Amino acid sequence: MLLWPLLLLLLLLLLPTLALLRQRWSQDAKLSWLAGLQHRVAWGALGWAATWQQRKLEQSTLHMYQSQQRALRWCLQGAQRPHCPLRGSTDISTFRNHLPLTKASETQEEESGEQLPSPTSHQDLGEAPLQATLLGLVALNKAYPEVLAQGGAACLTLTSPWPGSLPWPGKALGRVSTPGTKDPRVLLLEALRSPGLRALEAGTAVELLDVFLGLEADGEELAGAIAAGNPGAPLPERAAELREALEQGPRGLALRLWPKLQVVVTLDAGGQAEAVAALRALWCQGLAFFSPAYAASGGVLGLNLQPEQPHGLYLLPPGPLFIELLPVKEGTQEEAASTLLLAEAQQGKEYELVLTDRASLTRCRLGDVVQMVGAHNQCPVVRFICRLSQTLSVRGEDVGEDLFSEALGRAVGQWPGAKLLDHGCVESSILDSAVGSAPHYEVFVELRGLRNLSEENRDKLDHCLQEASPRYKSLRFWGSVGPARVHLVGQGAFRALRSALAACPSSPFPPAMPRVLRHRHLAQCLQQRVVS
């Protein structure tokens, strides 16, 4: 709360200077100077607030048990149950005994057609989003000192990678964007008109992938708008640069358009790894990627304080959300006997995240599996592994998201010239495609560099799955499971799928991108766009 008095004091000190400038400077010079001043004051305020948040984080991670007890107390105080027996208690054992673990039911969603609230959808998330944003901005500025200079960053999507909104300081940072716009095309045009950008921002990696695919498809139209001055002043030279950059193909396109570009900022959530890999290999080749936070079920569960790491590593903070860890048994999805507190996590072990909903006082298994790879004080640092909700199983074989993605990656690596952009899986019962045959997987892929799939190439995925999963191999040997069927979809198929997902009330997208489709109409969205 000391932020606003500090800003008021700065404003009072600057009033005489502003009055003098009003008399002597031209209008353009005044506006330029004021914008620079705003930017400096904003960074001063954000730096002060981030320092305060960093101190709070250090204290809470040094005393993990006490911090989680405070988080539990905060959670119990917000419970809306009329007669909550736990309201005055913070005993962990009592809490666990009274509240059994639950998990969201996709079957219930499909049958009811209603949206089930995510564990964080109706509760006060406290300072978690703001903390992630402040510490992420400062960490990014430290790793790449020039990227957040005035006019140095632009967001290309309607959603932001920064979890928390910053009122005045955020607007004063001088991002290249039209305030309040609801048209993503306007955001892209503003960025294309600014060749000096040093950072690109997007809500998620799959959204950024859609932006670059749209840029390729509509490049001539966008160049024409820039040349005509829609929006802004006509920039025929910049339009010519855009046309020339597009003619050279997708590889390295971002750096040709913005030569000073250093980093891409997106929010990490489930189902983003393929999009990041495709962007790194093609459009954003040579650029660093940074995610300020890890998001699951609409909430901020992890903080990324290491932008220089090539793959996101996230600190699981001890509050304000009450997070528990459910050990994942190797080779099975059986539930462990009990959950652990954050300080009890062990190096190298995998855990499913459990979050307590403050409003309904429900301990919900999120399905997100993480592995502990380090520690900050007493707090675990983790990397994301997979989502249990994205497991394929037609005969109890339980092929996990990580295992399937690895097998698909190996198969695509054997397809000459192919680069995987996107994929989605459907169990055959969803599309009724197993009639007269054994149940199997329907796999839809979008590729760059390959226009047709031979039967030999299609068979390679099934071979890779058998190598990766002994259980799947056994079921294939006995004929209980049929071979995976691979379909190549046309360009834009997954953009259409994401539009359908965004319109679906029960969809987690954005930010999470489902890779296993459980709804028939979503599966048909891809099926209707098969080209090979």
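Student: Among contacts between residues at least 6 apart in sequence, what share joins residues at least 24 apart?
Tutor: That share is 70% in the protein chain. Keep in mind that this is a predicted model.

Student: Okay, and how many helices and strands are there?
Tutor: The protein chain has 19 helices and 15 strands.

Student: What percentage of the residues is buried?
Tutor: Of the 532 residues in the protein chain, 52% are buried.

Student: Let's go inside, then. How many residues are in the largest nonpolar core, and which have the most contacts inside it?
Tutor: There are 57 residues in that core, and Phe212 and Trp283 have the most contacts inside it. The element that gives the most to this core is helix H9, residues 205–217, with eight residues.

Student: Which residues does tryptophan 283 touch, leaving out those up to four places away in sequence?
Tutor: From the 209–216 stretch, its partners include Leu209, Phe212, Leu213 and Glu216. Tryptophan 283 also touches Pro250, Gly252, Leu253, Ala254 and Ala278, and further along the chain Leu421 and Arg448.

Student: What lies apart from that core?
Tutor: Another core, of 48 residues, lies apart from the largest one. Phe290, Leu316, Tyr351 and Leu353 are among its residues.

Student: Switching to aromatics: how many aromatic pairs does the structure hold?
Tutor: It holds seven. In one of them, the ring centres of tryptophan 162 and phenylalanine 290 are 6.5 Å apart and the planes are at 55°, so that pair is tilted.

Student: Which parts does that pair tie together?
Tutor: Tryptophan 162 is in the loop between strand E2 (153–155) and helix H7 (168–171), while phenylalanine 290 is in strand E5 (residues 288–290), so the pair ties together parts 128 residues apart in sequence.

Student: Are those two buried or exposed?
Tutor: Tryptophan 162 counts as buried, because its relative accessibility is 8%. Phenylalanine 290 counts as buried too, at 3%.

Student: And how do the rings of tyrosine 294 and tyrosine 314 sit?
Tutor: Their centres are 5.7 Å apart with the planes at 40°, so this pair is tilted as well. Tyrosine 294 belongs to strand E6 (residues 293–296) and tyrosine 314 to strand E8 (residues 314–315), so the parts they tie together are 20 residues apart in sequence. Both tyrosines are buried.

Student: Which residues do ring pairs link into a cluster?
Tutor: The cluster consists of Tyr294, Tyr314 and Phe384.

Student: I was also looking at valine 300. Where is it found?
Tutor: Valine 300 is in strand E7, residues 299–303. With 10% relative accessibility, valine 300 counts as buried, because the cut-off for that is under 20%.

Student: What does valine 300 touch, not counting residues up to four places away in sequence?
Tutor: Tyr294, from the ring cluster, is one of its contacts. The others are Ala128, Pro129, Ala132, Pro163, Ala293 and Leu321.

Student: How far apart are the C-alpha atoms of valine 300 and proline 317?
Tutor: They are separated by 9.8 Å, with the two positions 17 residues apart along the chain as the spacing.

Student: Last topic, helix packing. At what angle do H8 and H10 cross?
Tutor: The axes of helix H8 (residues 184–192) and helix H10 (residues 219–228) cross at roughly 65° and come within 11 Å. The crossing is right-handed.

Student: Which residues make the contact?
Tutor: H8 supplies Arg185, Leu188, Leu189 and Leu192, and H10 supplies Glu221, Leu222, Ala225 and Ile226. Six of the residues in this contact are nonpolar, two are charged and none is polar.

Key: Residues numbered from 1 in each chain as written. Predicted model: local features only at pLDDT ≥ 70, side-chain atom pairs only at ≥ 80, totals over all residues. Heavy atoms only, no water. Core = buried A, V, L, I, M, F, W, Y, C linked by side-chain atoms within 4.5 Å. Buried < 20%, exposed > 50% of the residue type's maximum accessible area, 1.4 Å probe, protein only. Helix = DSSP H or I, 4+ residues; strand = E, 2+ residues; numbered from the N terminus. Contact = heavy atoms within 4.5 Å. Axes fitted to C-alpha atoms, helices over the stretch in contact; angles between N-to-C directions. Left-handed = near helix turned anticlockwise from the far one by under 90°. Nonpolar A, V, L, I, M, F, W, Y, C, P; charged D, E, K, R; others polar. Phe/Tyr/Trp six-rings, centres within 6.5 Å; stacked < 30°, edge-to-face > 60°.
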